[in-house]
Amino acid sequence: MIYTGVLAAFGKRNLVMAVHFLAVEHLPNLLTALKVHGYDVVGPMVRDGAIVYDHLEDISELPLGVMSVQRPGTYRLSESTSSRYFSWANGPSALKPLLYKARQALWTVEQVAVATVDGLVFKDTVPEPVKTAVIGVRPCDIAAMKIQDQHFLQSDYVDPYYQAERNSLFTVAVNCSTSNDTCFCASTGDGPALDDGYDLLLDELESGFLIRSGSDAGTAILEKLPIMKAGSDLIELAEQQSQKAAEKQKRYLIDENMHANLFSQLDSRRWYDIADRCLSCGNCTSVCPTCFCHRETETADLDGTKSTHYREWSSCFNADHSVMHGHALRDSSELRYRQWMLHKLGSWINQYGRSGCVGCGRCIAWCPVGIDFPAEANAISGEFDLWEQ
């Protein structure tokens, strides 16, 4: 089983870059430095019973002492006496809504008079986003962003809309000090701690934060902070903290030959068992930080002289998603769920060199009926469901 190997190697994190210490009372200085450099700061805060990203004006808005409890079909917050701001695992939204907008105008067409002849003028609507810094990004969401970078930026066709948002983004990631019941990022290699992909990286300790830079932009911010060199005792404490978070995870995805095993089980009865429970609601794809299915729509102005072409999030669970020439290729829940899992864990490996799952566990917690994605994948692949026994 690959899972134990991942944990055994977990302590070998890349700590070549300089590690500094930022006292907890100086955390507001980070917010100030980002604003001085022209960033609109976004951070985690409690809204409607969940931790979501929103515009951050003051450190007091961060979820101090708030913990998240996530199980299959369950998400809730609880308060503790902890003095930590990032003792929660993740919320329903990752970086995806900031980079790959839920509704994005792609172009407009307008009727105009040109030399007494009516004509149509088409214009791209590539956004000019403001510089945005996000504090509190989880390792699994940095991994998801890197996958979406591959899809939108590193293929034959670069998506200018995603590119514009991505170029303006600054990430302040925070290594996880705890794991929820639904987390399985250790088995996918995407957490609970990061090696790269961030601008700044924090490890939250009781006395303050370890902080390191991962980019030139990160270094520019770091130089403005009242920091000191971190001692080896604090670095070791942070490593132990991440190790314990990894060991706490009981869910896992097997790695070896999973994509081949899944494609060999296209007629498994397990697909029908899942379909008996699945509502085809699309919650899993909405909260998934790597899903990018969409549909395109037109919205015309009331006077009929202008129309805007939009890209909107969609889901492979939607009844009309697979319709071609009036015929639905996947007209049942078992076929839709099979398509989602096979694409996520199978064909993505051929496309991007890795699976599309980063182990965040959101699809488990936000599924109304609590379908356990890694458990189902392992079962179909022939792996024993340890945590269900």
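In the predicted model, Arg-103 and Glu-312 form a salt bridge in which the closest N and O atoms lie 2.8 Å apart. Because Arg-103 belongs to strand β6 (residues 103-114) and Glu-312 to strand β14 (residues 306-313), this pair ties together parts that are 209 residues apart in sequence. The two partners may be described by their accessibility as well. Arg-103 is partly exposed, at a relative accessible area of 44%, whereas Glu-312 is buried, at 14%.

A second salt bridge joins the side chains of Arg-251 and Asp-181, with an N to O distance of 3.1 Å. This pair links distant parts of the chain, 70 residues apart: Arg-251 is in the loop between α8 (232-247) and α9 (258-263), and Asp-181 is in the loop between β9 (169-174) and α6 (185-188). Here the arginine is the buried partner, since Arg-251 has a relative accessibility of 7%, under the 20% limit for burial. Asp-181, in turn, is partly exposed, with a relative accessible area of 37%.

Two helices are connected through Arg-277 and Glu-376, which form a salt bridge with their closest N and O atoms 2.9 Å apart. Arg-277 lies in helix α10 (residues 270-277) and Glu-376 in helix α14 (residues 373-381), so the contact ties together parts separated by 99 residues in sequence. Arg-277 is partly exposed, with a relative accessible area of 29%, while Glu-376 is buried at 3%. The pair also belongs to a network in which salt bridges that share partners join Arg-270, Asp-273, Arg-277 and Glu-376. Across the whole structure, the search finds 16 salt bridges.

Helix α4 (residues 139-153) was examined for its length and its surroundings. At 1.5 Å a residue, its 15 residues should span 21 Å, and the end C-alpha atoms are 20 Å apart, which agrees with that expectation. Of these 15 residues, 11 are buried, so α4 is largely enclosed by the rest of the structure. The buried positions run from Pro-139 through Cys-140, Asp-141, Ile-142, Ala-143 and Ala-144 to Met-145. Ile-147, Gln-148, Asp-149 and Phe-152 are also buried in this helix.

Attention then turned to open space in the model. Rolling a probe the size of a water molecule over the atoms shows where empty space is left. The second largest pocket has a volume of about 270 Å³. Its lining consists of 17 residues, of which Val-42, His-55, Leu-98, Lys-101 and Thr-132 lie nearest the centre of the pocket. Strands β2 (40-47) and β3 (50-55) and helix α3 (96-99) each supply at least two residues of this lining. By class, the lining of the second largest pocket comprises nine nonpolar, four polar and four charged residues.

Finally, the surroundings of Cys-363 were considered. Cys-363 is located in helix α13 (residues 362-365) and counts as buried because its relative accessibility is 12%, under the 20% limit. Apart from neighbours within four places in sequence, Cys-363 is in contact with Cys-284, Val-287, Trp-340, Ile-371 and Phe-373. The C-alpha atoms of Cys-363 and Gly-73 are separated by 8.8 Å, although these residues are 290 residues apart along the chain.

Conventions
Residues numbered from 1 in each chain as written. Predicted model: local features only at pLDDT ≥ 70, side-chain atom pairs only at ≥ 80, totals over all residues. Heavy atoms only, no water. Helix = DSSP H or I, 4+ residues; strand = E, 2+ residues; numbered from the N terminus. Expected span 1.5 Å × (residues − 1). Buried < 20%, exposed > 50% of the residue type's maximum accessible area, 1.4 Å probe, protein only. Salt bridge = Lys/Arg side-chain N within 4 Å of Asp/Glu carboxyl O. 1 Å grid on protein atoms, 1.4 Å probe; cavity = no way out; pocket = protein on both sides within 12 Å on 5 of 7 lines; lining within 4 Å. Points joined across faces, edges and corners; volume = space filled by probe spheres on them. Nonpolar A, V, L, I, M, F, W, Y, C, P; charged D, E, K, R; others polar. Contact = heavy atoms within 4.5 Å.
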